[in-house]
Amino acid sequence: MDSTYAGAYGHVKALYLDLLKRDEIDRIKESKKDEFISTLSSTSYKNEIDLFYNEFKEPDIVDIAVNTHFIKNCDNVIKLLPTVGKSIIRGYLSKIDIQNIKLILAAKLVGKDLDFTENMLIVNRGFPVGFSSSLINKEAYANIISQKDIVEVINYLTRYPYGKVLLPFSVSAELSKDVSGMSMSLDIEYYEDLLKSFKFYSGNEGPVLRFFQELIDLRNIMTVIKEIELKKPSASLLIKGGSLSIDRLSEMTKMNITDFIKNLPYDLEEAYQIYKEDGLIANFEVELKRQIHDKYLPIFRANSLSIASALSFIISSEIERDIIRLNWFKKYYGLEKKVLDIGYGI
């Protein structure tokens, strides 16, 4: 037994007690709109609801409370891990910062007002569009969005790893009013760094590496689906490092969506049936993510002396956050459109 991870895993296992049980998830999903917040407050989210109840109104309070709870879970895990474990978890979570940076850059280019308050990136007078992370703190985000233009944002970000990726675009992006090149470069950097952060430490971390490779597959599959749907070339947008061949995926862009999904190592039939009804491709991504999680989470949880145990807690917290947010969004806005369930098999 590796004592470095043995102690950390014991503490991580205790953190699982803070995750919602299946019956709690069911109660949240079954609650009516006017019961939703009180139902959520009867769970481990009570502290966050109480903290923000008098400061924020519906619908924002749920987003803010749930995200704050998620960030707390991430922080609790990172504190427990040895250095080699911290780098992997931070690498995985950096996707939050990258998404927020993309939003900030896009908003600056079109002159949208931004604010950052209590772990939420806010645009257009109160609409929450992004989360804080465990990497760039709230004060830093406030400084980033206070920069007057995209060039100043990029210059500020040079103190973070993301800055080196963006710096070459600081002039061209401002002139072209296009952030697509920066967005692509940030994505490539994310997945490359994610793979670089991976190290064999105990010798049993193979499933973590394969999980990261399938995340790249997911991203590439969605890129091909978007090309088929939007008729925009995507070959140059595919990212290396996944388990599916980029050359093969490039060839498959000539297929229609029906044939494409039939040639993938995933069952996307349910998502395809919904797509035929509404023409939206988002459910493909939800289903791909769910199948990848269903495949790896049981393996991670059983692998107690590995970084996998900590990663499984982070992913489980992430799934829980998304389930609550999706159900609140549907109830608050009265949406009846069919949406695939995000996780927990329910």
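User: Let's start inside the chain: which residue's backbone oxygen does the side chain of Ser 312 reach at 2.7 Å?

Analyst: Happy to look with you; this is a predicted model, where local features need pLDDT of at least 70, side-chain atom pairs count only at pLDDT 80 or more, and totals for chains, interfaces and linings use all residues. Numbering starts from 1 along each chain as its sequence is written, and side-chain values use heavy atoms, leaving out hydrogens and water. Ser 312 is found in helix α17, where helices (H or I, at least four residues) and strands (E, at least two) are DSSP runs numbered from the N terminus. At 2.7 Å, its side chain reaches the backbone oxygen of Ser 309.

User: Is Ser 312 buried or exposed?

Analyst: Relative accessible area decides this, with under 20% buried, over 50% exposed and partly exposed in between (1.4 Å probe, protein chains only). Beyond its neighbours within four places in sequence, Ser 312 is in contact (heavy atoms within 4.5 Å) with Tyr 16, Leu 297, Phe 300 and Arg 301. Its relative accessibility is 0%, so Ser 312 counts as buried.

User: And how many of the residues of α17 are buried?

Analyst: Helix α17 reaches 38 Å from its first C-alpha to its last, close to the 38 Å expected at 1.5 Å a residue (the expected span is 1.5 Å times one less than the number of residues). The helix is followed by Gly 334, whose phi is positive, near 65 degrees. Because of its buried residues, α17 is largely enclosed by the rest of the structure, and their count out of 26 is 20.

User: How are α2 and α17 oriented to each other, roughly parallel or roughly antiparallel?

Analyst: The axes of α2 (residues 22-30) and α17 (residues 307-332) come within 9 Å and cross at roughly 20 degrees; axes are lines fitted to C-alpha atoms, for helices over the stretch in contact, and angles run from 0 to 180 degrees between N-to-C directions. Ile 25, Ile 28, Lys 29 and Glu 30 in α2 meet Ile 323, Asn 327 and Lys 331 in α17. Angles under 35 degrees count as roughly parallel, over 145 as roughly antiparallel, 65 to 115 as roughly perpendicular and the rest as oblique. The two helices are therefore roughly parallel.

User: How is α12 oriented to α16, roughly parallel or roughly antiparallel?

Analyst: Helix α12 (residues 206-230) and helix α16 (residues 282-302) pack with their axes 10 Å apart, at an angle of about 175 degrees. That angle makes the pair roughly antiparallel.

User: Which residues of α8 make the contact with α6?

Analyst: Helix α6 (residues 83-110) and helix α8 (residues 150-157) pack at about 155 degrees with axes 9 Å apart, and are therefore roughly antiparallel. From α6, the contact involves Ile 101, Ile 104, Leu 105, Lys 108 and Leu 109, and from α8 it involves Ile 150, Val 153, Ile 154 and Leu 157.

User: Which residue is joined to Glu 58 by a cis peptide bond?

Analyst: Most peptide bonds are trans. Here, omega is about 0 degrees at the bond from Glu 58. The partner lies in the loop between α4 and α5, and its name is Pro 59.

User: How many of the residues of α5 are buried?

Analyst: Helix α5 (residues 60-80) has 21 residues and reaches 31 Å from its first C-alpha to its last, close to the 30 Å expected at 1.5 Å a residue. Leu 80 lies in this helix and is partly exposed, with a relative accessible area of 29%. The helix is largely enclosed by the rest of the structure because its buried residues, out of 21, number 16.

User: Which two residues is Ser 197 in contact with, leaving aside its neighbours within four places in sequence?

Analyst: Ser 197 is found in helix α11 (residues 180-197) and counts as buried at 11% relative accessibility. Its side chain reaches the backbone oxygen of Leu 194 at 2.7 Å. Its contacts beyond those neighbours are Ser 87 and Ile 88.

User: To finish with the whole chain, what share of the contacts with a separation of 6 or more comes from residues 24 or more positions apart?

Analyst: The chain has 17 helices and three strands. Of its 346 residues, 50% count as buried. Among contacts with a separation of 6 or more, the share from residues 24 or more positions apart is 65%.

Methods: A polar contact is a pair of N or O atoms within 3.5 Å; within protein, one must be able to donate a hydrogen and the other to accept it, and residues adjacent in sequence count only if both atoms are side-chain atoms.
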